[in-house]
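Trainee: I have a model open on my screen and would like to go through it with you. Can we start with the strands and then move on to the packing and the pockets?

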Amino acid sequence: MEEKRTTPEHITSLQPNEIFVFGSNLRGMHGGGAAYVAYRHFGAIMGQGVGLQGQSYAIPTMQGGIDTIRPYVGEFIDFAKQHQNLTFLVTRIGCGIAGFTDEEISPLFEKAHNISNIVLPLGW
């Protein structure tokens, strides 16, 4: 059985078809954590807090609890399904500055497990 690819802990470069998926805030102020990496290196747009931007995709995680993040994760999974030509490298969204744990966030990605172009962090 082939082992499924996992997102590296630190992403410093991307292939042309790869997208860096990071946690953001709704205002799109990409000032820290993976959001800052997305802004500095992968085309995230200051002021855009949701969706595809350059070689990155923002999922808001700073606006409340898990229930406020869930719809954005669903939106992302649907987007990835519609863009099979791209590979989405999901970082540990919400598990840094936003203060959530892997155990709180990873279940939101349950429907992503069988989608071949979504790569999740180890243990998710």
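Trainee: Are the residues of E5 on its two faces buried or exposed?

Mentor: Keeping in mind that this is a predicted model, E5 is covered on both faces, with Thr-87 and Leu-89 buried on one side and Phe-88 and Val-90 buried on the other.

Trainee: Which strands does E5 pair with, and in which sense, parallel or antiparallel?

Mentor: E5 runs parallel to E2, to which four bridges join it, and E5 also pairs with E6 in the parallel sense, over two bridges. On the E2 side, Glu-18 has Thr-87 of E5 as its bridge partner. Towards E6, Phe-88 stands opposite Ile-118, while Leu-89 has Val-119 as its bridge partner.

Trainee: And what is the order of the strands in the sheet?

Mentor: The sheet is open and has six strands, in the order E1-E6-E5-E2-E4-E3, with mixed pairing. E1 and strand E3, which spans 51-53, stand at the edges with a single partner strand each, so each of them has one side that is left without a neighbour in the sheet.

Trainee: What does E1 pair with?

Mentor: Strand E1, residues 6-7, pairs with E6 in the parallel sense over two bridges, and Thr-7 has Pro-121 in E6 as its bridge partner.

Trainee: Back to Ile-118 for a moment: which residues does it touch?

Mentor: Ile-118 has its place in strand E6 and counts as buried because its relative accessibility is 0%. Setting aside residues up to four places away in sequence, Ile-118 touches Lys-4, Phe-76, Ile-77, Ala-80, Phe-88, Val-90 and Ala-112. As a reference for distance, its C-alpha atom is separated by 22 Å from that of Gln-48, and the two residues are 70 apart along the chain.

Trainee: How many residues are in the largest nonpolar core?

Mentor: That core has 25 residues, and those with the most contacts inside it are Ile-59, Phe-76, Ile-105, Phe-109 and Ile-118. The elements that give two or more residues to this core are E2, strand E4 (56-60), helix H2 (66-82), strand E5 (87-90) and strand E6 (118-121), and H2 gives the most, with seven residues. As general background, nonpolar side chains tend to be buried together in soluble globular proteins.

Trainee: What does Ile-59 touch?

Mentor: Not counting residues up to four places away in sequence, Ile-59 touches Val-21, Phe-22, Gly-23, Ser-24, Ile-69, Tyr-72, Val-73, Phe-76, Ile-93 and Phe-109. Apart from the core just described lies another core, of 11 residues, including Ile-11, Leu-14, Phe-22 and Ala-38.

Trainee: I also noticed Ser-56; is that residue buried or exposed?

Mentor: Ser-56, which has its place in strand E4, counts as buried because its relative accessibility is 0%. Leaving aside neighbours within four places in sequence, Ser-56 is in contact with Ile-19, Phe-20, Phe-22, Ala-38, Phe-42, Gly-43, Ala-44 and Gly-51. Its C-alpha atom is separated by 5.6 Å from that of Val-21, although the two residues are 35 apart along the chain.

Trainee: Changing topic, what volume does the largest pocket have, and which residues are closest to its centre?

Mentor: The largest pocket has a volume of about 660 Å³. It is lined by 31 residues, of which Gly-33, Ala-34, Thr-91, Arg-92 and Gly-96 are the closest to its centre. Strand E2 (18-24) and helix H1 (33-41) each supply at least two residues of that lining, and H1 gives the most, with four residues.

Trainee: How do the lining residues of the largest pocket divide between nonpolar, polar and charged?

Mentor: They divide into 15 nonpolar, 13 polar and three charged residues.

Trainee: And the second largest pocket, which residues line that one?

Mentor: The second largest pocket, with a volume of about 160 Å³, is lined by Arg-70, Val-73, Gly-74, Ile-77, Asp-78, Lys-81, Pro-107, Leu-108, Phe-109, Glu-110 and Lys-111. Its lining divides into five nonpolar, one polar and five charged residues. When you look at that lining, note that Val-73 and Phe-109 are also among the residues that Ile-59 touches.

How values were computed. Residues numbered from 1 in each chain as written. Predicted model: local features only at pLDDT ≥ 70, side-chain atom pairs only at ≥ 80, totals over all residues. Heavy atoms only, no water. 1 Å grid on protein atoms, 1.4 Å probe; cavity = no way out; pocket = protein on both sides within 12 Å on 5 of 7 lines; lining within 4 Å. Points joined across faces, edges and corners; volume = space filled by probe spheres on them. Nonpolar A, V, L, I, M, F, W, Y, C, P; charged D, E, K, R; others polar. Core = buried A, V, L, I, M, F, W, Y, C linked by side-chain atoms within 4.5 Å. Buried < 20%, exposed > 50% of the residue type's maximum accessible area, 1.4 Å probe, protein only. Contact = heavy atoms within 4.5 Å. Pairing = 2+ DSSP bridges.
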